[in-house]
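The exercises below ask the reader to work through selected features of a model, one step at a time. Each task is followed by a worked solution.

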Amino acid sequence: MICNKSKGLRGEITVPGDKSISHRAVMFGSIAKGTTEVTNFLQGADCLSTIDCFRKMGIEIENTPEKILIHGKGPDGLSAPSSVLDAGNSGTTTRLISGILAAQPFETTLTGDASIQKRPMRRIMEPLSMMGADISSVNGNDCAPLHIKGRPLHGIHYHSKVASAQVKSAILLAGLYADGETKVTEPVISRNHSEIMLRTFGADVHTEGNTAIIKPQPKLTGQVIHVPGDISSAAFFIAAGLCVPNSEILIKNVGINPTRDGILKVALAMGGDITLLNENHDGEWTADLLVRSSSLHGITIEGDIIPTLIDELPIINIMAAAAEGTTIIRDAAELKVKESNRIDVMVEALSAMGAQITGTEDGMIIEGGKPLHGAVIDSHLDHRIAMSFSIAALLAEGETTIKGSESVNISYPSFYETLKTLQQ
């Protein structure tokens with residue numbers, strides 16, 4: 001993909017349905033009794049991998065442009081797949097489904113693409129094993145492929161070393177099948193989409209401080225789920241609206257869950273002009289976001305806010321490069337084990353465009369305000385890197401080529417079409 005500098009972005013857009021919520025709607029609907037109807041489902045490669053996995057376990061799932069219909073058979077309604085389950089590029093699929101598979105009366109092999117086969121799975125293998133699961137890394141490197149022999153599980157209180165919604169959710173899903181209460185305590189609270197949606201389906205789950213608690217053996221019942229727009233997808237247009245001069249963008253119906261809204265807090269702290277309209281706080285919080293061009297300044301981003309914006313840090317790097325002054329990002333070592341090592345990739349690519357950025361063990365330091373110029377950017381087939389540098393290109397003199405831009409199909413297949421509609 002070739003991108004050029006923009007003179008301004010204007011218009012009203014919607015972004016695809018939230019990826020995290022789309023995944024969970026399929027998973028929870030598959031183990032609930034009755035039909036679950038999902039609208040605004042994200043038709044991205046990751047979420048389609050989740051559908052494929054549950055279809056292989058005997059769940060009828062109708063996928064139409066208007067809605068997804070999942071004909072669930074209840075918590076014990078899955079059947080042994082006739083082939084390996086392939087999660088593609090999806091860490092969410094791999095980790096969450098492991099919690100369900102750990103309790104099934106059959107064996108499963110779960111794999112994914114080359115990126116997934118490098119991502120750390122010890123973080124779920126350890127707690128699931130503590131619950132009685134038989135889960136092993138086929139290659140003995142604590143990565144996928146995973147071999148899972150379903151066994152009876154018992155409840156535990158797990159103290160997670162990382163604030164990870166994927167780890168927490170895997171344990172909570174296993175806890176649905178356990179013989180007693182299951183608790184997960186995190187260093188800081190991670191995104192809580194699982195807790196919200198599990199309650200909607202009928203599970204007995206609640207939170208005390210940084211601890212999520214679930215009771216086993218609930219009667220889960222099919223639901224109607226409307227997926228809000230994904231704030232991680234909206235983040236690219238938030239950044240573009242703030243950083244590209246002469247811009248005003250209205251982004252409709254975006255999820256603003258307080259465990260996911262770190263991008264908004266950071267943008268406002270940097271001096272961004274963002275107005276929340278039509279706020280709705282029923283279930284998953286939503287709002288329309290009105291974003292206008294702003295003069296941004298550098299800040300320090302660290303501590304408890306990091307889990308609420310971990311996926312948005314690549315595009316925050318672009319905002320920091322456009323801002324005046326220094327931005328320091330700390331406590332974000334998790335970036336090293338995403339679809340790529342995002343610390344190394346951001347330093348390499350932003351430096352190629354003329355930015356002054358230094359990588360650290362757990363983040364980066366960006367000296368903002370340096371003029372950017374076009375470059376050839378290798379996205380390393382990381383969808384968030386590809387989209388971030390497509391936005392950076394709007395600020396840069398000359399032409400920018402994004403290698404591997406097809407990776408946007410993982411989370412935002414219509415990204416480039418949407419961007420084009422805003423060009424002046």
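**Exercise 1.** Determine which residues S390 is in contact with, leaving aside its neighbours within four places in sequence, and whether S390 is buried or exposed.

*Solution.* The model is a predicted one. Leaving aside neighbours within four places in sequence, S390 is in contact with C3, I402, F415 and Y416. As a second step, place the residue: S390 belongs to helix α11, which spans residues 383–393. Its relative accessible area is 0%, and buried means under 20%, so S390 is buried. Finally, consider the polar side of this environment: a polar atom of the S390 side chain lies 2.8 Å from the backbone oxygen of A386.

**Exercise 2.** Describe how helices α4 and α5 are arranged, and state which residues make their contact.

*Solution.* Begin with the axes: those of α4 (residues 122–130) and α5 (residues 165–175) come within 9 Å and cross at roughly 25 degrees. Angles under 35 degrees count as roughly parallel, and therefore α4 is roughly parallel to α5. The crossing in which α4 passes α5 is right-handed. On the α4 side the contact is made by R123, I124, P127 and L128, and on the α5 side by V167, A170, I171 and A174. Sorted by class, this contact of α4 with α5 has seven nonpolar residues, no polar ones and one charged residue. To complete the picture of α5, note that eleven of its eleven residues are buried, so this helix is largely enclosed by the rest of the structure. Among the buried residues of α5 are Q166, K168 and S169.

**Exercise 3.** Carry out the corresponding analysis for helices α7 and α9, ending with the classes of the residues in contact.

*Solution.* The axes of α7 (residues 231–243) and α9 (residues 313–322) come within 9 Å, with a crossing angle of roughly 10 degrees. Because of that angle, α7 is roughly parallel to α9. Next, list the residues that make the contact: α7 contributes A235, F236, A239, L242 and C243, while α9 contributes I315, M319 and A322. The count by class for α7 with α9 is eight nonpolar, no polar and no charged residues.

**Exercise 4.** Establish how many residues of helix α6 are buried, and identify what covers them.

*Solution.* Helix α6 (residues 193–201) is mostly covered, with seven of its nine residues buried. These buried residues are H193, S194, E195, I196, M197, L198 and F201. The elements that cover them include helices α1 (19–30) and α5, together with strands β3 (33–39), β12 (205–208), β13 (211–214) and β14 (224–226). As a last step, look just beyond the helix, where G202 takes a positive phi of about 115 degrees.

**Exercise 5.** Examine the backbone at D142, P145 and D331, and say where each of these residues lies.

*Solution.* As background, most residues other than glycine have a negative phi, and most peptide bonds are trans. D142, although not a glycine, has a positive phi of about 65 degrees, and it lies in the loop between β8 and β9. P145 is likewise placed in the loop between β8 (134–137) and β9 (146–149), and a cis peptide bond, with omega about 0 degrees, joins A144 and P145. D331 also has a positive phi of about 65 degrees without being a glycine, and its place is in the loop between β19 (326–329) and α10 (342–352). For accessibility, D142 is partly exposed with a relative accessible area of 28%, and D331 is partly exposed with 44%.

How values were computed:
Residues numbered from 1 in each chain as written. Predicted model: local features only at pLDDT ≥ 70, side-chain atom pairs only at ≥ 80, totals over all residues. Heavy atoms only, no water. Axes fitted to C-alpha atoms, helices over the stretch in contact; angles between N-to-C directions. Helix = DSSP H or I, 4+ residues; strand = E, 2+ residues; numbered from the N terminus. Parallel < 35°, antiparallel > 145°, perpendicular 65-115°, else oblique. Left-handed = near helix turned anticlockwise from the far one by under 90°. Contact = heavy atoms within 4.5 Å. Nonpolar A, V, L, I, M, F, W, Y, C, P; charged D, E, K, R; others polar. Buried < 20%, exposed > 50% of the residue type's maximum accessible area, 1.4 Å probe, protein only. Polar contact = N/O pair within 3.5 Å; in protein donor to acceptor, adjacent residues only side chain to side chain.
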